[in-house]
Amino acid sequence: MTPEPPVLIVGGGPAGLTASLLLSRHGVESLLIDKRVGPSPLPRARGVHSRAMEILRVCGVEPDLRAVELPITPGAQFQADLTTEPFREDVTSTAKTVVSPCDGLSVSQDVFEAVLRDHARAYSPAQLRTGVLLESFRIDDGGVLATVVDQHGGGTTDVRARWMIAADGARSGVRRRLGIEMHGPDDLGRQTMIAFRADLSSWTGARPRGIYFLTDTGAALIWTHTDDRWVISRPGTTTEDDPAAAVRQVLGLPDLDVEILAASPWTAAAQSASQYAQRPVFLTGDAAHRFPPAGATGVSAAMHDVHNLAWKIAYSNDGTKLLDSYADEREPVGRQNADETGAAWSRLFSGNGSPFSGRSLGQLDMGYQYRSAIIADDGSPDADPPGSDYRQNAAPGCRAPHLWLNDGTSTIDLFDRHFVLLTAPPGDPWRDAAGRSVGVPVDSHVVPEPEWPELYGVEPDGAVLVRPDGHVAWRSRTGSTDPAADFRTAMSTCTGI
Ligand SMILES: Cc1cc2nc3c(=O)[nH]c(=O)nc-3n(C[C@H](O)[C@H](O)[C@H](O)COP(=O)(O)OP(=O)(O)OC[C@H]3O[C@@H](n4cnc5c(N)ncnc54)[C@H](O)[C@@H]3O)c2cc1C
């Protein structure tokens, strides 16, 4: 029997690696296993959005990722094939820089995971073992008893853990073993992805577009690595054909010198699990939801899941309300993302402008509002209505808004391991109340910036309590005659203790 880690993480993709990193920052020991040893031969995702980068900024990972970022020209370009003039260009809005300290990141998933893995390994509470397969598990009173197999001759071992995070991808064996169904369409069209190396600089320039939609063949072309590596994804499952011929045909370049690196069929799906947890097991990332790549939200959502979960495991003390809130908060978001990206997938090549007609991509990334027993609803109207673009909002359940502070940091940088109470100066009554809080650590922060009260929807004597995952847990729009009692009640609600 392997020494007992409180948390067993199954899968070392973006969800599992981020879970390891975040649990370590909370001082929680974990064992991550992944059956793979090396990176996937297909780069899959080519980047993450701003909210995921905020999580990585707080963890100190962002500089290493920016160092390997691809110098793309943001936006999408539509043309018949690579040799023809574009007939439409969708330039990515720069509005996000106002609402976030982080731009999205353009880097291939294999490179992204390598950087995450190095950071995850650097924390002493984390063990990461590759080439190790979860063979089976059972749930009992002590948590989970898992049987794992070292695929390189190390034999079979039992691992006991209090909690298990299923981060084992779209075909999740954990999910299937628990009998959890997926809801939503599982076949929105079959595609073939081909990774190849070719010098396309004569047609794309030195800073290629984020994505090229090549409308003659309905294919997408994406630059993945600076050493002339690219992928195309095109409708149909044509791995039996000559992939080099397929690449040349899609690009409209019959004489192109092409080196094929990998080719694989895949099926677009827009699904979300009927249950996100069967305690003590939590489904995260693609194990919980599968989105078509319209808007490229899969990796980001995987990271949002574990960001929501990690602090709850750290703070739970087995508290039911706190752990139940993972599924209560993330399941509606997963379902909504599946619906929105599923609808957008069918509109990718048609019409003008964004294929998102319900919630915008910015809303999917940052606009969702959690509602659960540990969010102290203050009666504000829905902060995330469909049909509008993302606007920062500090209503309970929302991501706490970004504001640049005088020292050059962002409010986002304050939300890491502890609950944080924000007030305008002087804030003494609330800070005194937070100082007397028992049970969980609360950091108090006085925000002198004059924009803060309006941005956070409070009077200058109000207060906002933000969770370790950067979502607003409670706010008092005004001062209180008994801040200590109000704060105690808020903490009790928001921690479930
Ligand atoms: C063709 C394609 C294109 C995509 N394009 C994009 C895109 O542009 N943008 C985007 O955001 N997303 C994209 N995605 C989706 C993105 O790759 C996933 O959303 C993301 O990888 C999910 O991360 P994850 O950690 O949940 O799962 P995964 O990355 O799938 O990781 C799961 C891990 O679990 C391991 N594992 C599985 N079973 C076991 C077991 N029994 N024991 C031990 N280990 C196990 C696997 O080896 C794997 O490493 C694309 C996906 C595909 C297939």
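## Helix packing and aromatic contacts

F419 is buried, its relative accessible area being 0%. Keep that residue in mind while reading this predicted model, because its ring partners W311 in an edge-to-face pair, with centres 5.5 Å apart and planes at 90°. The points below start from that pair, then move to the helix that carries W311 and on to other rings.

**The W311–F419 pair**
- W311 is in helix 9 and F419 is in strand 20 (residues 419-423), so their pair ties together parts of the chain that lie 108 residues apart in sequence.
- Like its partner, W311 is buried, with a relative accessible area of 1%; a residue counts as buried under 20%.

**Helix 9 against helix 10**
- Helix 9 covers residues 298-316 and helix 10 covers residues 320-346; they pack with their axes 9 Å apart, at an angle of about 170°.
- That angle makes helix 9 roughly antiparallel to helix 10, because angles over 145 degrees count that way.
- On the helix 9 side, the contact is made by A301, H304, D305, N308, L309, W311, K312, I313, Y315 and S316.
- Across from them, helix 10 contributes L322, L323, S325, Y326, E329, R330 and N337.
- Sorted by class, the contact of helix 9 with helix 10 has eight nonpolar, five polar and four charged residues.
- W311 therefore appears both in this helix contact and in the edge-to-face pair with F419.

**Other aromatic pairs**
- The structure holds 13 aromatic pairs.
- One of them joins W163 and F282, a tilted pair at 6.2 Å centre to centre with 55° between the planes.
- This pair, too, links distant parts of the chain: W163 belongs to strand 9 (residues 163-166) and F282 to strand 18 (residues 281-283), 119 residues apart.
- W163 counts as buried at 5% relative accessibility, and F282 is buried with a relative accessible area of 0%.
- F78, F87 and F213 form one aromatic cluster.

**Charges over rings**
- R88 places its charged end over the ring of F78, 3.9 Å from the ring centre; F78 is also a member of the cluster with F87 and F213.
- R330 has its charged end over the ring of Y368, 5.2 Å from the ring centre, and R330 is also among the helix 10 residues that meet helix 9.

Methods
Residues numbered from 1 in each chain as written. Predicted model: local features only at pLDDT ≥ 70, side-chain atom pairs only at ≥ 80, totals over all residues. Heavy atoms only, no water. Axes fitted to C-alpha atoms, helices over the stretch in contact; angles between N-to-C directions. Helix = DSSP H or I, 4+ residues; strand = E, 2+ residues; numbered from the N terminus. Parallel < 35°, antiparallel > 145°, perpendicular 65-115°, else oblique. Contact = heavy atoms within 4.5 Å. Nonpolar A, V, L, I, M, F, W, Y, C, P; charged D, E, K, R; others polar. Phe/Tyr/Trp six-rings, centres within 6.5 Å; stacked < 30°, edge-to-face > 60°. Buried < 20%, exposed > 50% of the residue type's maximum accessible area, 1.4 Å probe, protein only. Lys NZ or Arg CZ within 6 Å of the ring centre and 35° of its normal.
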